[in-house]
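Work through the exercises below with the coordinates open. Each task is followed by a solution in steps.

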Amino acid sequence: MAAPLELYCWKGDWGLPSVDIDCLTVLAYAKFAGAPLKVHKIANPWRSPTGTLPALKTREEGSLSQPSKIIIHLRKQKYNADYDLSAKEGADTLAFVSLLEEKLLPALIYTLWVDSKNYVDVTRCWYAENIPFPLNFLLPNRMHGQQLEKLRLVRGDPTLEPGEEIEKELYRDALECLTLLSQRLGSHKFFFGDSPSSLDAYVFGHLAPLLKIKLPSGKLQQHLNSLDNLRQFCTNILVLYFPSEGRDIPNRKMSVHTDGSDFDNEPHKRRNQILSALFAMGAMLGYAILTGIVTIKRTHPQEALVSAGHDDGGEDDED
Amino acid sequence: MSLAAEAFVSQIAAAEPWPENATLYQPLKEDQILLSDCASSLAVQAYLRMCGLPVQVRCRANAEYMSPSGKVPFIHVGNQVISELGPIVQFTKAKGHSLSDGLDDVQRAEMKAYMELVNNMLLTAELYIQWCDDNTAAEWEIRRKMSAVGWAGKSLEQVYEDVSQCCQALSQRLGTQPYFFNKQPTELDALVFGHIFTILTTRLTNDELADRIKAYSNLLAFCRRIEQSYFDEQDKDGQSGSSRFSKGPSLI
């Protein structure tokens with residue numbers, strides 16, 4: 001029996017096994033296909049073998065990042081959730097995944113990363129709190145830039161800026177996509193019969209964050225909430241396949257540093273304090289040396305010759 | 001098109017019937033036309049013919065600049081200008097012509113999904129191949145789009161694989177039916193025809209792509225059927241002023 005494959009994912013919150021769309025897709029597929037995975041839930045993408053999350057470490061093919069590639073690899077290892085699908089259903093899967101990527105994903109990127117209220121109050125806040133020091137100062141803004149760039153390219157508009165007009169267009173497409181998904185799902189438990197397939201994993205991955213993450217600007221959320229069958233679909237999968245995540249909700253509040261979170265950060269806090277103090281001392285010392293308040297006596301013969309020859313930069317040599 | 005403009009256009013559209021002098025503008029056919037633009041233009045022409053709406057085709061070197069959104073093709077109907085298949089379908093619907101009214105909700109969802117599949121895979125593949133073929137046309141723009149959608153790292157071989165996969169999906173969905181939703185063509189049929197026909201009939205440095213598509217005989221038959229039903233009667237008309245759609249050899 002081969003050793004279980006290792007999967008690196010963003011950690012979870014709000015009752016989700018992961019906060020990231022691609023990670024959720026892969027985690028869901030692995031559960032559906034019964035793939036034994038050793039899951040590393042981290043909040044530092046630099047610790048992943050590929051530098052991004054999700055990442056699957058394989059023995060034969062190195063590390064894979066894209067959900068589609070990860071799913072294909074799992075299928076090759078005989079963990080196939082699409083085994084029972086007919087040829088037409090397989091084709092439908094491809095089509096509906098395209099629909100998700102083209103019509104829903106841009107709006108999701110917008111609502112989580114570009115909408116200023118949501119980004120500042122929720123997304124950036126979460127990443128800044130969860131990514132370890134000092135990357136938490138660097139990564140959230142960088143990710144924001146990357147997501148905005150991605151959105152611009154997918155829409156073919158290099159000058160795209162957050163605004164009412166673009167928001168309306170994106171949300172209109174997303175609303176239509178959600179409605180179409182709801183119509184296609186109907187009253188079934190999963191998209192193709194009674195057992196879940198890769199399409200269910202993709203849909204879950206895209207919808208679950210929208211359902212669970214509490215956003216101040218929640219137009220898209222409201223529409224999803226009004227589609228009962230989709231909401232039920234997501235909740236169903238969470239209950240059946242990720243029952244342990246539900247316990248996390250009470251601890252995570254978005255803006256309050258309670259005793260609970262202080263306790264979690266305690267070791268980091270001490271380390272941060274020491275590092276800050278060292279840094280400050282180093283800065284002061286460097287400044288002092290550069291301006292000549294403090295001089296370091298050197299005893300090299302060349303130095304003595306030079307200082308005798310012309311003025312030093314240090315004015316305060318003779319006080 | 002912005003939402004407000006769309007609503008406005010729909011209202012005006014509903015008021016007037018389709019005029020006789022409707023015109024479709026596309027870029028010139030020789031070197032300048034992008035594979036993807038050619039396919040989009042053909043798709044729109046096929047759609048309009050399926051609706052029984054007459055349209056003349058004009059090629060203009062500066063078609064992109066004439067278009068309100070910068071995208072081609074666009075149609076000039078009465079005193080309105082609308083570009084791209086999606087808005088054009090909405091526009092004709094407002095005038096009372098629609099091919100997808102008879103579909104139920106599930107079928108409409110499937111239709112939209114398959115149209116996105118074509119846009120996602122075939123359109124992007126056409127852009128990629130065009131970029132490989134002649135590195136001149138809007139190269140850096142295409143390259144940036146490729147990296148956004150994760151295609152920058154793809155080799156040509158992988159792109160061919162993706163196209164095969166897309167065609168396989170389309171072929172499986174089509175099955176033995178004459179059109180994707182059985183007896184009547186819809187905008188999906190027009191879109192698929194536009195892309196597949198363009199890929200098959202455009203001379204590229206490498207025929208591998210066309211060969212891969214030819215492996216799906218029902219798709220070939222589907223293209224021939226549409227060509228025969230909707231484009232062949234043009235041969236009899238004396239429309240000499242406007243260029244006809246056929247770029248090179250036909251499939252028949």
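The exercises treat a predicted model and cover a sheet, cysteines, backbone geometry and the nonpolar core.

**Exercise 1. The sheet of chain B**

Determine the strand order of the four-stranded sheet in chain B, and find which helices pack on the strands.

Solution.
1. The strands of this open sheet in chain B run in the order 2-1-3-4, with mixed pairing.
2. Strand 2 (56-60) and strand 4 (80-83) of chain B each pair on one side only, which marks them as the edge strands.
3. From one strand to the next, the twist averages 25°.
4. Strand 1 (residues 23-27) and strand 2 of chain B are parallel and share five bridges; in this pair, B:Thr23 stands opposite B:Gln56.
5. Helix 2 (residues 35-51) of chain B packs on the sheet and touches strand 1, strand 2 and strand 3 (74-77) of chain B. Its direction makes about 165° with that of strand 1 of chain B.
6. Helix 4 (residues 85-94) of chain B lies across strand 3 and strand 4 of chain B, at about 135° to strand 4 of chain B.

**Exercise 2. Cysteines**

Find how many disulfides the whole structure has, and examine A:Cys9 and B:Cys223.

Solution.
1. Searching all chains gives zero disulfides.
2. For A:Cys9, the nearest cysteine sulfur belongs to A:Cys23, 4.2 Å away. The cut-off for a disulfide is 2.5 Å, so this pair does not qualify.
3. For B:Cys223, the closest cysteine sulfur is in B:Cys167 at 9.4 Å, which is too far for a bond.
4. A:Cys9 is buried at 0% relative accessible area, and B:Cys223 is buried at 1%.

**Exercise 3. Backbone geometry**

Locate the cis peptide bonds that precede A:Pro54 and B:Pro73, and the positive phi values of A:Lys78 and B:Glu84.

Solution.
1. Most residues other than glycine have a negative phi, and most peptide bonds are trans.
2. The bond from A:Leu53 to A:Pro54 is cis, with omega near 0°; A:Pro54 sits in the loop between strand 2 (37-42) and strand 3 (55-57) of chain A.
3. B:Val72 and B:Pro73 are also joined by a cis bond, with omega about 0°, and B:Pro73 is in the loop between helix 3 (63-66) and strand 3 of chain B.
4. A:Lys78 has phi near 75° and lies in the loop between helix 2 (67-76) and helix 3 of chain A. A:Lys78 is exposed, at 72% relative accessible area.
5. B:Glu84 has phi near 70° and belongs to the loop between strand 4 and helix 4 of chain B. B:Glu84 is partly exposed, at 30%.

**Exercise 4. The core**

Which residues have the most contacts inside the largest nonpolar core?

Solution.
1. The largest nonpolar core has 158 residues.
2. A:Trp10 and A:Phe204 have the most contacts inside it.
3. Helix 3 (residues 87-114) of chain A supplies the largest share of this core, 15 residues.

Technical notes
Residues are numbered from 1 along each chain as its sequence is written. Chains are lettered from A and ligands numbered from 1 in the order in which they are written. This is a predicted model: local features need pLDDT of at least 70, side-chain atom pairs count only at pLDDT 80 or more; totals for chains, interfaces and linings use all residues. Side-chain values use heavy atoms; hydrogens and water are left out. A nonpolar core is a set of buried Ala, Val, Leu, Ile, Met, Phe, Trp, Tyr and Cys residues joined through side-chain atoms within 4.5 Å. Buried means under 20% relative accessible area, exposed over 50%, partly exposed in between (1.4 Å probe, protein chains only). Helices (H or I, at least four residues) and strands (E, at least two) are DSSP runs, numbered from the N terminus. Two strands pair if DSSP finds at least two bridges between them. Axes are lines fitted to C-alpha atoms, for helices over the stretch in contact, and angles run from 0 to 180 degrees between N-to-C directions. Contact means heavy atoms within 4.5 Å.
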